[in-house]
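I opened the notebook to record what I looked up in this structure. The entries follow the order in which I went through it.

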Amino acid sequence: LDSHLFGKLAQRCITSPQPVPNASEQAFRSLSHQLVLIVGAAVTITAEEAKRAADSGKKATPIPDCWAILLDPEMWPLVCDTSAATASGTGAAASSTASS
């Protein structure tokens, strides 16, 4: 069940003017796993920052609205520019806007 849900989550979260690339189920599961970790971190950081702000009487520091996710060029060949990724030694990144 988790595997099925993870595969669908990334497909539903991708917002792009281009069609969703024909990536493997493993690629979507991997991306979904990263999304869950990022959203979990954002929720935790927001809650801890709100508590800190309430305790100190200061305004809470906002967390970023936009996060970058490193994509594996082998799993996302139609999205990642592998020539640029190889030349720079890094993979490509996709951005996602998280809302609370």
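**Entry 1: E49 and its surroundings**

I began with E49, keeping in mind that the model is predicted. I asked which polar atom of T61 lies 2.8 Å from the side chain of E49. I found that it is the backbone nitrogen of T61, set against a polar atom of the E49 side chain. I then placed E49 in helix α2, which covers residues 25–56.

Is E49 buried or exposed? I looked up its relative accessible area, which is 15%. Buried means under 20%, so E49 counts as buried. I also listed what E49 touches, leaving out residues up to four places away in sequence: K59, A60 and T61. T61 is thus in that contact list and also supplies the backbone nitrogen at 2.8 Å.

**Entry 2: salt bridges**

I noted a general point before counting: side chains of opposite charge can pair when their charged atoms come close. How many salt bridges does the structure hold? I counted 2.

One joins E49 to R52, with the closest N and O atoms 2.4 Å apart. I checked where these residues sit, and both are in helix α2, 3 residues apart, which is about one turn of the helix. E49 is buried at 15%, whereas R52 is partly exposed at 36% relative accessible area.

K51 and D55 form a salt bridge too, and there the closest N and O atoms are 2.9 Å apart. I found K51 and D55 in helix α2 as well, 4 residues apart, again about one turn of the helix. K51 has 54% relative accessibility and D55 has a relative accessible area of 57%. The cut-off for exposed is over 50%, so both K51 and D55 count as exposed.

**Entry 3: the largest nonpolar core**

I turned next to the largest nonpolar core and wrote down its 11 residues: A10, A23, A27, F28, L31, L35, I38, I69, L71, W76 and C80. I looked up which elements supply at least two residues each, and these are α2 and β1, the latter being residues 66–71. Helix α2 gives the most, with 5 residues.

I picked out A23 from this core and checked its contacts. Setting aside neighbours within four places in sequence, A23 is in contact with F28, M75 and W76.

**Entry 4: the aromatic pair**

How many aromatic pairs does the structure hold? I found 1. It consists of F28 and W76, whose ring centres are 5.1 Å apart. The ring planes stand at 85 degrees, so I recorded the pair as edge-to-face.

I then looked up where the two residues lie. F28 is in helix α2, and W76 is in the loop between β1 and α3 (82–88), so the pair ties together parts that are 48 residues apart in sequence. Both F28 and W76 are buried. They are also members of the largest nonpolar core, and both are in contact with A23.

**Entry 5: C13**

I ended with C13, which lies in helix α1, residues 2–13. Its relative accessibility is 34%. Partly exposed runs between the 20% and 50% cut-offs, so C13 falls in that class. I also checked C13 against L35: they are 22 residues apart in sequence and 8.8 Å apart in space, C-alpha to C-alpha. L35 is one of the residues of the largest nonpolar core.

Definitions and conventions
Residues are numbered from 1 along each chain as its sequence is written. This is a predicted model: local features need pLDDT of at least 70, side-chain atom pairs count only at pLDDT 80 or more; totals for chains, interfaces and linings use all residues. Side-chain values use heavy atoms; hydrogens and water are left out. Buried means under 20% relative accessible area, exposed over 50%, partly exposed in between (1.4 Å probe, protein chains only). A polar contact is a pair of N or O atoms within 3.5 Å; within protein, one must be able to donate a hydrogen and the other to accept it, and residues adjacent in sequence count only if both atoms are side-chain atoms. Contact means heavy atoms within 4.5 Å. A nonpolar core is a set of buried Ala, Val, Leu, Ile, Met, Phe, Trp, Tyr and Cys residues joined through side-chain atoms within 4.5 Å. Rings of Phe, Tyr and Trp (its six-membered ring) pair if their centres lie within 6.5 Å; planes under 30 degrees apart count as stacked, over 60 as edge-to-face and the rest as tilted. A salt bridge is a side-chain nitrogen of Lys or Arg within 4 Å of a carboxyl oxygen of Asp or Glu.
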